[in-house]
Amino acid sequence: MATEGQSDYESVLCVKPEVNVYRIPPRTSNRAVRAADWKLDSPDWTGRMRLTARGKVAYIKLEDRVSGELFAQAPVDEFPGIAVETVSDSSRYFVLRIQDDNGRSAFIGIGFGDRGDAFDFNVALQDHFKWVKQEDELTKQAQAPDTTPKLDLGFKEGQTITLNIGQSKKKDRSRPQSSGGFGLLPPPPGGKLAPPPSSRTTNCTVQQPLAVASDTGSLVDLDATNSNSAAPASSTTAASSDLWGDFDPVSSK
């Protein structure tokens, strides 16, 4: 909210280096103003536009570009309103209500050569009066009594609270330990476990190297060698069958 000291402070909202001023014909009806009815090719004055604000009121000041001398001034207390009006056929032209120190007023037309300058002028006015609206709402809220119920977080009479600090107890979280280092897998369903193989040593037959036979007894040595080699083969077969005989057949239930 603006105080009395802040109301005397003048802030600059927007400055445009070139603006054209036109004399407009008097309004004969309530229809919208058209810029095409003005003499756009021959403006009556050209200078600088400076938009300022003092408190909640904005001021559109038309000044000389060189000397800064004030040509005309339009106080604006609301926007959109009668102090600043847009035309119906262009976004670059506006109608201003200017006033002198004696309170006399007149309507003139202004126009910007660049559409971006007209946009900046329009947005600066909107932002100022948006701020004015927010200030008015804050003032109303400050003056209006607060009827919302307040939350009472205080202690009632006789109410106490107990705090246990540094007396927390550690809970023993013991894990179940197994009986051995590694768990045994359960037996397969529907069958018996085969017994482990016995530590019986298998019979291995080591063949002796053949003796070198003489020329006369080579046939006799070959027969003896064949007979000796047949016997270990049969013993190896017996040992192999004896090895598998240690396992009992699995009987199904």
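Is F71 buried, partly exposed or exposed? At 44% relative accessibility, F71 counts as partly exposed, because the buried class ends under 20% and the exposed class begins over 50%. This report describes a predicted model, and F71 is taken up again below together with its aromatic partner.

## Overall organisation

The chain contains 3 helices and 7 strands. Read from the N terminus, the order of these elements is α-β-β-β-β-β-β-β-α-α. The chain has 253 residues, of which 23% count as buried. Among contacts with a separation of 6 or more, 57% are made by residues 24 or more positions apart. The exposed area of the chain is about 20,100 Å², and carbon and sulfur atoms supply 53% of that area.

## Pairing of the strands

The table lists strand pairs, each of them antiparallel, with the number of bridges and one pair of residues that stand opposite each other.

| Strand pair | Bridges | Residues opposite each other |
|---|---|---|
| β1 (residues 10-23) and β2 | 9 bridges | C14 and L51 |
| β1 and β7 | 4 bridges | N20 and G111 |
| β5 (residues 84-86) and β6 | 3 bridges | E85 and V95 |
| β6 and β7 (residues 105-111) | 7 bridges | V95 and G109 |

Strand β1 thus has two antiparallel partners in the table, β2 and β7. Strand β6 is likewise paired with β5 and with β7. Residue V95 illustrates this position of β6, for V95 faces E85 of β5 and has G109 as its bridge partner in β7.

The connections on either side of β6 are hairpins. The hairpin from β5 to β6 passes through 6 residues. The hairpin formed by β6 and β7 has 5 residues between the strands, and in this turn G103 has a positive phi of about 95 degrees. Strand β6 itself is mostly covered, with 6 of its 7 residues buried.

## Aromatic residues

The model holds 7 aromatic pairs. One of them is formed by W45 and F71, whose rings are stacked, with 4.4 Å from centre to centre and 5 degrees between the planes. What does this pair tie together? W45 belongs to strand β2 (residues 45-54) and F71 to strand β4 (residues 70-76), so the pair links parts of the chain that are 26 residues apart in sequence. W45 has 16% relative accessibility and therefore counts as buried, since this value is under 20%. F71, at 44% relative accessibility, is partly exposed.

A further pair consists of F94 and F121. Their arrangement is edge-to-face, with 5.2 Å between the centres and 75 degrees between the planes. F94 is part of strand β6 (residues 93-99) and F121 is part of helix α2 (residues 115-143), so this pair ties a strand to a helix across 27 residues of sequence. F94 counts as buried at 2% relative accessibility, and F121 is buried with a relative accessible area of 0%.

Other aromatic residues appear in a cluster and in a contact with a charge. Y22, W38 and Y93 form one aromatic cluster. The charged end of R54 sits over the ring of Y59, at 5.1 Å from the ring centre.

## The surroundings of E63

Where does E63 lie in the chain, and is this residue buried or exposed? E63 is placed in strand β3 (residues 57-63). Its relative accessible area is 5%, so E63 is buried, the limit being under 20%.

The side chain of E63 makes polar contacts with two arginine side chains. The contact with R48 is 2.6 Å, and the contact with R50 is 2.7 Å. Apart from its neighbours within four places in sequence, E63 is in contact with W45, G47, R48, R50, G68, E69, L70 and F71. This list includes W45 and F71, which form the stacked aromatic pair described above. E63 of strand β3 is therefore in contact with both members of a pair that ties strand β2 to strand β4.

Definitions and conventions:
Residues numbered from 1 in each chain as written. Predicted model: local features only at pLDDT ≥ 70, side-chain atom pairs only at ≥ 80, totals over all residues. Heavy atoms only, no water. Phe/Tyr/Trp six-rings, centres within 6.5 Å; stacked < 30°, edge-to-face > 60°. Buried < 20%, exposed > 50% of the residue type's maximum accessible area, 1.4 Å probe, protein only. Lys NZ or Arg CZ within 6 Å of the ring centre and 35° of its normal. Pairing = 2+ DSSP bridges. Polar contact = N/O pair within 3.5 Å; in protein donor to acceptor, adjacent residues only side chain to side chain. Contact = heavy atoms within 4.5 Å. Areas by Shrake-Rupley, 256 points an atom, 1.4 Å probe, with all protein chains shown as cover.
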